[in-house]
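Work through the exercises below with the sequence and the coordinates side by side, and try each task before reading its solution.

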Amino acid sequence: MRRMSDSLRARIEEYYATVPLLFADAEEFGSLRLFVRRKQGAPYYGGPSHAQPTAAEASDVSAGDIARVRARQRELGVAEAFEWLAEAAPTLRARIAAAGLTVAERPLMALDPRRQVSPQPVPEGVTLRALRADDPALPAALALPRLAFAEAGTAVGPAGRKELSAVAEELTEDGTVATIRPTIRAGHKTLIAALASDGTPLAVGHYHPANGTTEIGGIGTLPTVRRQGLAAAVTTALVTHARGHGVNTVFLAYAEDAVARIYSRLGFRPAATTLLIANQPARM
């Protein structure tokens with residue numbers, strides 16, 4: 001892996017420490033910080049809480065700090081979720097694992113600010129659009145990643161429009177869509193979708209900007225229409241949109257090598273590694 005520059009690491013660290021504060025309060029537990037969302041369904045992360053090291057040295061993190069964070073999460077009734085930049089806290093993984101939690105890796109890739117990205121082609125009839133808070137495609141766009149991530153990989157799968165409609169209805173009924181609308185309206189979250197001619201989202205992704213930095217996430221393609229370049233088109237559209245709104249540093253995470261190859265072709269390069277608890281709730 002290419003060595004990450006100190007400045008890039010600092011920007012990613014700042015981003016992880018700043019973005020949750022748009023939606024959550026921070027509670028301190030020694031050298032750990034727990035982000036607790038302010039209202040139901042409105043956290044930056046898919047998991048309702050998030051912990052990461054503060055500026056203190058990782059060696060200062062004690063088993064007691066970890067235990068107190070976990071106890072607070074149980075008290076809140078949320079997943080015991082931890083997430084941090086591996087390079088910023090190299091000893092924390094062993095301490096978390098010693099507490100009985102399984103740690104997973106999520107490699108990061110970043111785009112050189114000087115690297116230009118070109119729009120990627122999409123099938124005939126497909127359009128790319130940043131979704132408004134009141135966009136009729138929003139419920140299905142929020143539902144799409146659930147189907148995409150449930151069928152890992154890039155191969156064509158069985159989940160299609162019928163399944164998408166069902167999940168969109170669930171997210172509308174449980175209040176998820178209503179919760180996301182103000183976040184989009186305030187500019188804290190931007191979703192871009194590749195839409196079929198009838199308005200059905202075929203691929204989607206999002207970003208949350210903070211201080212000129214953003215992580216692109218939630219990129220997924222409806223399994224029945226994979227292998228058409230839709231994820232690449234959404235990714236470049238997100239980069240272009242973010243840069244047009246004052247973002248200079250763009251990074252993202254991946255879980256599979258096949259996906260990393262797509263990002264590599266677009267100009268992203270290995271940058272760092274995020275560590276998190278295996279199977280903790282995904283970001284939304």
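The exercises that follow move from the whole chain to a sheet, a hairpin, a helix and a few single residues.

The structure is a predicted model, in which local features need pLDDT of at least 70 and side-chain atom pairs count only at pLDDT 80 or more, while totals for chains, interfaces and linings use all residues. Residues are numbered from 1 along each chain as its sequence is written, and side-chain values use heavy atoms, with hydrogens and water left out.

**Exercise 1. The chain as a whole**

Determine how many helices and strands the chain holds, and what share of its residues is buried.

Solution. Taking helices (H or I, at least four residues) and strands (E, at least two) as DSSP runs numbered from the N terminus, one finds eight helices and eleven strands. Of the 284 residues, 51% are buried, where buried means under 20% relative accessible area, exposed over 50%, and partly exposed in between (1.4 Å probe, protein chains only). With contact defined as heavy atoms within 4.5 Å, 72% of the contacts between residues at least 6 apart in sequence join residues at least 24 apart.

**Exercise 2. The sheet**

Establish in which order the eight strands of the open sheet lie, and which are the edge strands.

Solution. Two strands pair if DSSP finds at least two bridges between them. The order is β4-β11-β5-β10-β9-β8-β7-β6, with mixed pairing. The edge strands, each pairing on one side only, are β4 (83-85) and β6 (127-130). From one strand to the next the twist averages 25°, the angles being taken from 0 to 180 degrees between N-to-C directions of axes fitted to C-alpha atoms. Within this sheet, β5 (residues 103-111) and β10 (residues 249-253) run antiparallel and are joined by four bridges, and L108 stands opposite A253 in β10.

**Exercise 3. A hairpin**

Describe how β1 and β2 are connected.

Solution. Strands β1 (residues 24-29) and β2 (residues 32-37) run antiparallel and are joined by six bridges, with A26 opposite F35 in β2. Two residues lie between the strands of this hairpin, and G30 in the turn has a positive phi of about 60°.

**Exercise 4. Helix α2**

Check the span of α2 and locate its buried residues.

Solution. The expected span of a helix is 1.5 Å times one less than its number of residues. For the 14 residues of α2 (residues 63-76) this gives 20 Å, which agrees with the 20 Å between its end C-alpha atoms. The buried residues are D65, I66, V69, R70, R72 and Q73. Seen down the axis of α2, they fall within an arc of 160°, so they line one face of the helix; the arc is that of the directions from the helix axis to the C-beta atoms. On the other side of α2, A63 and E75 are exposed, and just after α2, G77 takes a positive phi of about 75°.

**Exercise 5. Residues with positive phi**

Find where N211 and R227 are placed, and which residue of helix α1 is in contact with N211.

Solution. Most residues other than glycine have a negative phi. N211, in the loop between β8 (201-210) and β9 (213-221), has a positive phi near 55°, and its relative accessibility of 55% makes it exposed. R227, in the loop between β9 and α7 (230-243), has a positive phi of about 70° and is exposed at 64%. T18, found in α1 (residues 6-18), is in contact with A210 and N211, leaving aside neighbours within four places in sequence. T18 and N211 are 193 residues apart in sequence, yet 8.6 Å apart in space, C-alpha to C-alpha.
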